[in-house]
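User: I'm new to this one and would like a friendly walk through it. Could you show it to me and then take my questions?

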Amino acid sequence: MAQSGDSMELSININAAQVTTAYGHRALPKLNEELQSEDLQTRQKALMALCDLMHDPEYIYKAMNIGCMENLKALLKDRNSLVRIKTTEVLYITASHSVGRFAFLEHDIVLALSFLLNDPSPVCRRNLYKAYMQLVQVPRGAEEIISKGLISLLVRKLQGEVEEEFQELILDTLVLCLREDATEALNSNVVPILKHKLISTNENIRSKAAHALLNVSISRVGKKQVCQFDVIPILVHLLKDPVEHVRSNAAGALMFATVITEGKYAALEAEAIGPLLELLHSPMTVARLNATKALTMLAEAPEGRKVLQAHVPIFRAMEVEPHEKPHIAEALQRAARIAVSVIEFKP
Amino acid sequence: MASALTDSTSRAPSTYTYTSRPRALPCQRRRYRDSLTQPDEEPMHYGNIMYDRRVIRGNTYALQTGPLLFDFDLEVTPVLEVLVGKTIEQSLLEVMEEEELANLRASQREYEELRNSERAEVQRLEEQERRHREEKERRKRQQWEIAHKHNETSRKIAARAFAQRYLADLLPSVFGSLRDSGYFYDPIERDIEIGFLPWLMNEVEKTMEYSMVGRTVLDMLIREVVENRLYMYEHQRDSHPSPEPEDEPGGPEAMRESLEASEFLEQSMSQTQRLLLDRDDLQRTTYDESSSQERKFMEESELSGQDEETARRESLGKEELP
């Protein structure tokens, strides 16, 4: 072996980009101070170290206690883009944990983040969208975003963003927000935009847009708007899409939109019954469930009933079908039974 | 590990126990750069065991020079085990956490799907209910309207029939009452009534008046003649006084007789007057004066005989005067 001398110097700094974190419970206070330092480099390094630490929920909790969040909020307005990028990354990681989400709500970070929606740096925006997406996983987070009036901004961004990844992230956020409360989104014209996204080339975008439309049409106003903007023919077209989950979400959106009479007749005109019947044999349970329910809605109209009377045996077969999970089996059987009863209804 | 330590510290005077303070190893590095020509010295003091020749490591092909310190391979195994084991355990934990999260997400999604389908069912039933209710309302309203119209029509018909019946009687009764009040008159008849008959009556009256007047005049003439005769007769008796006392009783008798005769005349006159009065009420006013005078005469004659003459004379005088 080569004879190399021992160096009296300190060991080489493996990661020059990070500050050395102090040991144990001194880590966060020290980082907190460094975050407030005047030196740009120190701040950047501190942020990078913080990124690594934030994966542990205990550190997040500690950070909240010592007021780290306020510093992070201040750093969001920093002029240096790297600082902003790293700050948003830290916040994104924070939002992945429930303690972190709680921190978001406590310190009103949602509003501070919203100022960065128009940030020039795309990485920054990506982290921002990711942070929002993580936040809305819980209903309380979605409520927060709705109450701060960010939905209309997000919808506009959905239209504006070119990057597909960003569109997917925004759609994810919207899907979960629309589940909570769709009124603000409906006021900001979300249905035509989603309609446009339904014909996108990216299958994820199509699938998420259909899911968003599903959540929109739960409310009565949403149903009316969906019929008004002629989205139903496109949804029927999507029922023949090659990708499975796109079909399933389209069936779900149809299921809700056909509750009102307008929707029923629009779907019948677009000849939705055929593709829906095919979907009954799909491997995905949710697709079958949605298709069954959509066919039940259509069977309430006399024209639909006439067509479906020929297909009653399929539903009867579904009634007795077993499934590994009992509650899913039960749900499927119940849906099939209801469908049969609606089809065979005599006034 | 322990053996290496003990080896290194065996050079030091004190023994190493757990209570002893950590001590930096005596510096064994060369402070100054060696000249390349310097031959190897023994023993070499290395700070790093990796470079120590006396430690046997892995697949080293170095010659074993001198006594061995320790077998690296043997000693490193527990260390490695701990290190690697801990790392793997930690990573397993993290992976399991991720898996758990993924499972949670999946079950959440499943629940959401089921919930969505239930929601759709609820909405469908709601919609059905609403439609039924609306239909019912519409039918009820329709029925009510029909009943209302029916009612109204029947009331209208009844009112119409009643009015017709009522008014059917009206026309003849109107005409009848008008006719009764004399609004429909025959113009000729009316003309005769208005024009001719009053004139006729007037003429008849006049004619009767004429005859009445004639009779009255005749009566007056007769009376005057009779009075004159009486007066003359009484004057004749006065010019013959012998028969006066006899005439006096005769006179009063004659007076009585003449009184009776005049009374008769008066009575007849009064009778004729009464007859006239009875016949023509209308002419009462014209005769009133004369009849009242006659009545006065009659009353006076009934009351006192003597006064009569003077009264008569007075009346004659009165009559002569006009």
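Analyst: Let's start with a definition: buried means under 20% relative accessible area, exposed means over 50%, and partly exposed is in between (1.4 Å probe, protein chains only). This is a predicted model, so local features need pLDDT of at least 70, side-chain atom pairs count only at pLDDT 80 or more, and totals for chains, interfaces and linings use all residues. Residues are numbered from 1 along each chain as its sequence is written, chains are lettered from A and ligands numbered from 1 in the order in which they are written, and side-chain values use heavy atoms, with hydrogens and water left out.

User: How many salt bridges turn up over all chains?

Analyst: A salt bridge here is a side-chain nitrogen of Lys or Arg within 4 Å of a carboxyl oxygen of Asp or Glu. Searching the whole structure with that rule gives a total of 32.

User: Which residue of chain A does Glu112(B) meet in a salt bridge, and is that partner buried, partly exposed or exposed?

Analyst: The link runs between chains, from helix H2 (residues 72–181) of chain B to helix H11 (residues 164–180) of chain A; helices are DSSP runs (H or I, at least four residues), numbered from the N terminus. Glu112(B) is buried at 10% relative accessible area. Its partner is Arg179(A), with N to O at 3.0 Å. At 26%, Arg179(A) is partly exposed.

User: What about Glu127(B): which residue does it form a salt bridge with?

Analyst: This pair also crosses between chains, going from helix H2 of chain B to helix H15 (residues 220–228) of chain A. Glu127(B) is buried, with a relative accessible area of 3%, while the partner is partly exposed at 38%. The closest N and O atoms are 3.2 Å apart, and the partner is Arg220(A).

User: Which residues of chain B are in the salt-bridge network with Lys264(A), Lys293(A) and Glu300(A)?

Analyst: Salt bridges link those three chain A residues into a network with residues of chain B. The chain B members are Glu121(B), Arg124(B) and Arg131(B).

User: How many residues apart are Asp78(A) and Arg43(A) along the chain?

Analyst: Their side chains meet in a salt bridge at 2.7 Å, N to O, and both residues are buried. Asp78(A) sits in the loop between helix H4 (68–75) and helix H5 (81–95) of chain A, and Arg43(A) is in helix H2 (residues 40–53) of chain A. That pair links distant parts of the chain, 35 residues apart.

User: Why does the length of H5(A) agree with what a helix should span?

Analyst: The expected span of a helix is 1.5 Å times one less than its number of residues. H5(A) has 15 residues, so it should span 21 Å. The distance between its end C-alpha atoms agrees: 21 Å.

User: How many residues of H5(A) are buried?

Analyst: H5(A) is mostly covered, and its buried residues include Val83(A), Ile85(A) and Leu91(A). The buried residues pack against several helices of chain A, among them H2, H4 and helix H8 (122–135). Out of 15 residues, the buried count is 11.

User: Which residues does Thr285(A) contact, leaving aside neighbours within four places in sequence?

Analyst: Thr285(A) lies in helix H20 (residues 285–299) of chain A and is partly exposed, at 21% relative accessible area. Its C-alpha atom is 9.4 Å from that of Ala329(A), 44 residues away along the chain. Counting contact as heavy atoms within 4.5 Å, its partners are His323(A), Ile328(A) and Leu332(A).

Technical notes. Helix = DSSP H or I, 4+ residues; strand = E, 2+ residues; numbered from the N terminus.
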